[in-house]
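Reader: Please take a close look at one part of this structure, the place where aromatic rings meet, and then set that part against the rest of the chain. I would like a single connected account, with each term explained when it is used.

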Amino acid sequence: MLSNSDPRPAEGLRTIINVSGTMTGLGASIVVPQAVEAVAAFLPHFVEIGDLHRKASAEIAAACGSEAGFVTACAAAGITLSIAGAMTGTDLCAIERLPDATGLKHEVPIQVGHMCHYGAPVEQSIRLAGARPVPVGTSTKSEPYQLAGAINERTAAAIYVVSHHVVDYGQIPLESFAEVCRAKGVPVIVDAASEYDLKGFLAKGADVVVYSAHKFLGGPTAGIVAGRKDLVRAAYLQNNGIGRGMKVGKESVIGTMVALRAWAARDHAAVRRREVGALMLWRERLSRVPGLVATIVPDPTDNPLDRLEVRVDPAAAGCAAWDLADALAAGDPPVIVRDHEVERGLFFLDPCNLHPGQEAVVANRIEETCRRAADGGVARTTLAERKARRLAGLLAWPD
Ligand SMILES: *Cc1c(COP(=O)(O)O)cnc(C)c1O
């Protein structure tokens with residue numbers, strides 16, 4: 001545990017335990033020590049930023065099997081800047097004119113089933129460049145002919161999203177998507193923000209792929225853009241234009257470079273064993289709690305990561321899945337579960353952001369909260385009430 005050096009209480013912040021995943025709203029991930037040290041070492045020094053980005057390009061290229069790469073403020077910024085680059089190329093006048101896209105190719109096909117919300121709508125990342133999203137197909141069925149039909153002389157690039165947020169059936173496979181686009185000379189930009197696979201999407205035909213540095217990599221808040229050199233260069237040049245408002249500093253660039261190195265050197269099997277240990281402990285402990293059914297489930301996009309799915313039978317447990325999630329988040333220490341599908345009567349426990357020993361604390365908290373629920377001690381609310389409560393809380397910030 002971090003109790004000795006935990007700076008949160010002094011700032012009046014709650015000492016949350018994150019079993020939700022890598023969430024921006026929770027501070028993303030545990031930054032790996034190598035990146036923490038590199039950031040601290042670089043902060044007091046000046047660097048020639050273009051050179052630092054040049055070094056990062058080589059590092060990203062090696063890690064992703066790409067021609068070039070650069071570090072952005074985050075993956076969402078990487079999407080916007082990649083699209084902007086596909087629109088302007090190296091035309092500095094056009095770069096300074098965006099988001100006014102007059103005279104530029106500006107249409108960006110995206111499958112309707114990929115038009116997700118990762119904390120903001122992906123289509124807004126497209127529109128921020130001055131481009132216009134062109135929906136392809138329907139939510140649960142998109143076909144290559146529909147993609148081909150959406151491409152014309154105004155098409156700047158096409159976007160493909162790989163994520164648990166997107167519809168997981170009826171979509172065009174990336175290989176077919178890239179084949180259609182390649183035949184028409186349209187670059188394919190893949191949003192793979194949360195995907196562990198650094199090489200696979202380029203290998204399947206993507207021209208550019210975008211990752212978050214602050215998710216699985218355990219880097220500082222940043223994004224990685226990797227791919228074809230001409231497209232990466234054009235995206236990088238947006239730093240002279242709309243990219244200015246998405247600026248990344250030296251600390252994020254060096255922190256991302258070092259996080260990539262740490263990822264390459266990481267003992268992934270040992271991390272997996274620790275995560276599986278937590279899952280087994282939770283499953284064993286929760287299987288004895290009335291009203292809960294706990295199952296280990298694989299990651300929906302095949303990242304090498306399992307989670308514990310916890311189904312809550314409200315009649316037997318004494319409250320609904322969302323009430324249990326809220327009671328856990330309100331407790332001491334607060335435990336934040338993965339609750340984006342909670343209306344289905346379940347939540348998940350994600351083991352990838354635990355400090356040693358926290359898995360037992362999580363099990364204890366769930367057992368004790370369920371005992372309280374069984375005695376009628378956990379407020380029962382409807383899903384509509386819960387949504388209204390959350391919205392009111394958001395709109396009342398900073399109160
Ligand atoms: C997290 C996420 C993003 C946003 O990433 P940031 O780096 O936080 O901007 C974009 N797309 C997908 C699919 C994501 O999961």
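Author: In what follows, a residue is called buried when its relative accessible area is under 20%, exposed when it is over 50%, and partly exposed in between, with a 1.4 Å probe and protein chains only as cover. The structure is a predicted model, in which local features need pLDDT of at least 70 and side-chain atom pairs count only at pLDDT 80 or more, whereas totals for chains, interfaces and linings use all residues. Residues are numbered from 1 along each chain as its sequence is written, and side-chain values rest on heavy atoms, with hydrogens and water left out.

A ring pair here joins two rings of Phe, Tyr or Trp (for Trp, the six-membered ring) whose centres lie within 6.5 Å; planes under 30 degrees apart count as stacked, those over 60 as edge-to-face, and the rest as tilted. Searching the whole structure gives 6 such aromatic pairs. In one of them, F70 and Y236 meet edge-to-face, with 5.8 Å between the centres and 85 degrees between the planes. Since F70 belongs to strand 2 (residues 68-72) and Y236 to helix 9 (residues 229-236), this pair ties together parts that are 166 residues apart in sequence; helices (H or I, at least four residues) and strands (E, at least two) are DSSP runs, numbered from the N terminus. F70 counts as buried because its relative accessibility is 1%, while Y236, at 26%, counts as partly exposed.

Y211 and F216 form another edge-to-face pair, with 6.3 Å from centre to centre and 75 degrees between the planes. Both Y211 and F216 are buried, and ring pairs join these two residues with Y196 and W263 in a cluster.

G223 brings residues from both settings into one neighbourhood. This glycine sits in strand 8 (residues 223-227), and with a relative accessible area of 0% it is buried. Contact means that heavy atoms lie within 4.5 Å. Not counting residues up to four places away in sequence, G223 touches F70, V71, T72, A73, C74 and A75, and also Y211, S212 and A213. F70 of the first ring pair and Y211 of the second are therefore both among the residues in contact with G223, whose own relative accessible area is 0%. For a sense of distance, the C-alpha atoms of G223 and L395, which stand 172 residues apart along the chain, are 28 Å from each other.

Two further buried positions can be set beside this part. Y160 lies in strand 5 (residues 158-161) and counts as buried at 9% relative accessibility. Leaving aside neighbours within four places in sequence, its contacts include Q111, H114, F177 and V188. A178, in helix 7 (residues 174-183), is buried at 1% relative accessibility, and with the same kind of neighbours left aside it is in contact with V188, K204 and G205. V188 thus appears in the contacts of both Y160 and A178. The C-alpha atoms of A178 and L328, 150 residues apart along the chain, are separated by 44 Å.

The backbone has a few details to check by eye. The peptide bond joining L98 and P99 is cis, with omega about 10 degrees, and P99 is in the loop between helix 4 (92-97) and strand 3 (107-111). Another cis bond runs from D332 to P333, with omega near -5 degrees, and P333 is in the loop between helix 13 (321-330) and strand 11 (335-337). A28, although not a glycine, has a positive phi of about 65 degrees, and at 7% relative accessibility it counts as buried. D302, also a residue other than glycine, has phi near 70 degrees, but at 68% relative accessibility it counts as exposed.

As for the whole, the protein has 15 helices and 12 strands, and 52% of its 399 residues count as buried. Among contacts with a separation of 6 or more, 71% are between residues 24 or more positions apart. The C-alpha atoms fill a box of roughly 65 × 50 × 45 Å, taken along the principal axes.
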